[in-house]
Structure formats: structure tokens, C-alpha cells
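Please open the model in your viewer and keep the sequence panel beside it. The tour below goes from one selection to the next and says what is there at each stop.

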Amino acid sequence: MQNRHAINTIVFVAFFTAITFIATSIQVPMPAMVGKPFVHLGNAAALLSVLLLGYKHGAIAGGMGLALFDVTHNYVLDAPYYFFEVFVVGGLATLVIHLLNYHVKPQPFKLILIILAAIIAKFVTTTLHNFIMSLIRGLTLQPAIAATFSALIPTIVNCVTTMMVVLIIYPILSERLRHHLFSALN
């Protein structure tokens, strides 16, 4: 029985890793002064992984999916950061889930607060990351601030996209998959 549990866990983590990787690959390039930002569905897939698989397994799946995308698409230096960021964003979402007692009494308003907490964390961490990377790339303070502001639009669009996708897909998936995932993972 314990062996079956381990196999199920590996399969679900691998599945959500693949989903996150594929969702990140579906992208729309956006203009910015520094880097090559793009709008994608990977953040939504990573958050769905955390919400459906739980914090530990979901963050591993989402982080691995985003990092794998970065490694295979010439963003190798960003891969560790985005792997770690999923744990921060997913951790805040998980904290809000527990504070709101969402699993005992799920309500749409609570789900909105959970997703808002996650996308606020994503916005803050990504903006700080963009600023620090601008400084590392050799920009002085004022150009680094300007470059960070130029990347705000893609960040905001990614956050809004994540909010909409998770608000639509999570209630559907949680109803259909949550019980199957918990029984398979427990």
C-alpha cells in the first residue's frame, strides 16, 4: 500500500509538472526594456498544482514545471528563482486557505481571497526579481527602476490571467479531481 502511495504521488507530481511546463510554453511576447517578458499560463498551472495537490507536492510540481521550461528555453539563470518563487506564492495561498478554513467550508469569496493573496505575492516577488536582475545586468539605479516599471505590464497581465484561469478552472477540477487525488495520495 505504501509503495502504491509513493507511485501515485510521483505520477501526480510528474503530471502537474508537465501541465505547468506546457502551460508556460503557451505564451504571448510582451515589450520591455530588460529581458524578454511574456504572458503565459504557467503561473495558473503552478497555483492549480498547489491547490489540488497540496503545498509540498504542488509547489514541487509547479516549481519543476517552471524551472524545466526555463532550462529548456535559455532562461537557465532564472530557473532556480522561479522554482523557489512557487514555494513562496503557494505558501501564502496555503496559509490563506488555512486561515479562511476553506477546505471545511469552501466559498467563492474565500477562493477569490486565496487567489488574490497568491497573485499579490507573485506580483511583489516578480517585481523585486526584475529590479534585482536589472541591477545585476549592470544598470544603475534609475535605469533599473525604469526597466522594472517597463516589465510591470506583463507582470500585471500574468497576474490577471492567473486570477481568471484559476477562478474558472479550480472549482471544476476540485470537484472532479480533489477526492480522487486525496484518495490516491493518502
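Contact, or touching, means here that heavy atoms lie within 4.5 Å. With that in mind, select K122, which touches N43, Y82, E85, V89 and C159, not counting residues up to four places away in sequence.

Before going further, note that this is a predicted model, in which local features need a pLDDT of at least 70 and side-chain atom pairs count only at pLDDT 80 or more, while totals for chains, interfaces and linings use all residues. Residues are numbered from 1 along each chain as its sequence is written, and side-chain values use heavy atoms, with hydrogens and water left out.

**Colour by confidence**

Colour the chain by pLDDT, the predictor's confidence in each residue, from 0 to 100. The protein chain averages a pLDDT of 90, and 92% of the residues score at least 70. The elements named on this tour are DSSP runs, numbered from the N terminus, with helices (H or I) of at least four residues and strands (E) of at least two. Among the elements of the protein chain, helix 3 (residues 55-72) has the highest mean pLDDT, 97, and helix 7 the lowest, 83. Where pLDDT is low, the predicted coordinates should not be read in detail.

**The salt bridge**

Return to K122, which is found in helix 5, and show the side chain of E85 as well. How far apart are the closest N and O atoms of E85 and K122? They are 2.5 Å apart, and the two residues form a salt bridge, a term that stands for a side-chain nitrogen of Lys or Arg within 4 Å of a carboxyl oxygen of Asp or Glu. The structure holds one salt bridge. Because E85 lies in helix 4 and K122 in helix 5, the pair ties together parts that are 37 residues apart in sequence.

Are these two residues buried or exposed? Buried means under 20% relative accessible area, exposed over 50%, and partly exposed in between, with a 1.4 Å probe and protein chains only. E85, at 3% relative accessibility, counts as buried, and K122 is buried too, at 11%.

Next select T125, whose place is also in helix 5. T125 touches Y81, E85, V88 and V89, with residues up to four places away in sequence left out of the count, and at 18% relative accessibility T125 counts as buried.

**The nonpolar cores**

A nonpolar core is a set of buried Ala, Val, Leu, Ile, Met, Phe, Trp, Tyr and Cys residues joined through side-chain atoms within 4.5 Å. Select L47, L51, Y102, I114, I115, V166 and Y170, which touch the most other members among the 25 residues of the largest such core. Two or more residues of this core come from each of helix 1 (2-25), helix 2 (42-53), helix 4 (79-99), helix 5 (108-136) and helix 7 (152-185), and helix 5 gives the largest share, seven residues.

Centre the view on L47, which touches A93, I115, A118, T162 and V166 when residues up to four places away in sequence are not counted. Apart from this core lies another one, of seven residues, among them V50, A59, L66 and Y82.

**The surface of helix 5**

Now select F109, L113, L116, I120, V124, L128, I132 and I136, which make a nonpolar surface patch of about 750 Å². In such a patch, residues have over 30% relative accessible area and no salt bridge, and nonpolar side chains (Val, Leu, Ile, Met, Phe, Trp, Tyr) are joined within 5 Å, whereas like charges are joined within 9 Å. Accessible areas come from the Shrake-Rupley method with a 1.4 Å probe, and for residues only the protein chains shown count as cover. One of the patch residues, V124, sits in helix 5 and counts as partly exposed, at 42% relative accessibility.

**Two loops and a pair**

Move to N74, in the loop between helix 3 and helix 4, where phi is near 65 degrees, a positive value in a residue other than glycine. N74 counts as exposed, at 69% relative accessibility. In the loop between helix 4 and helix 5 you will find N101, which has a positive phi of about 55 degrees although it is not a glycine. N101 counts as partly exposed, at 42% relative accessibility.

Finish with F84 in helix 4, which is exposed, with a relative accessible area of 51%. F84 and G63 are 21 residues apart in sequence, and their C-alpha atoms are 6.8 Å apart in space.
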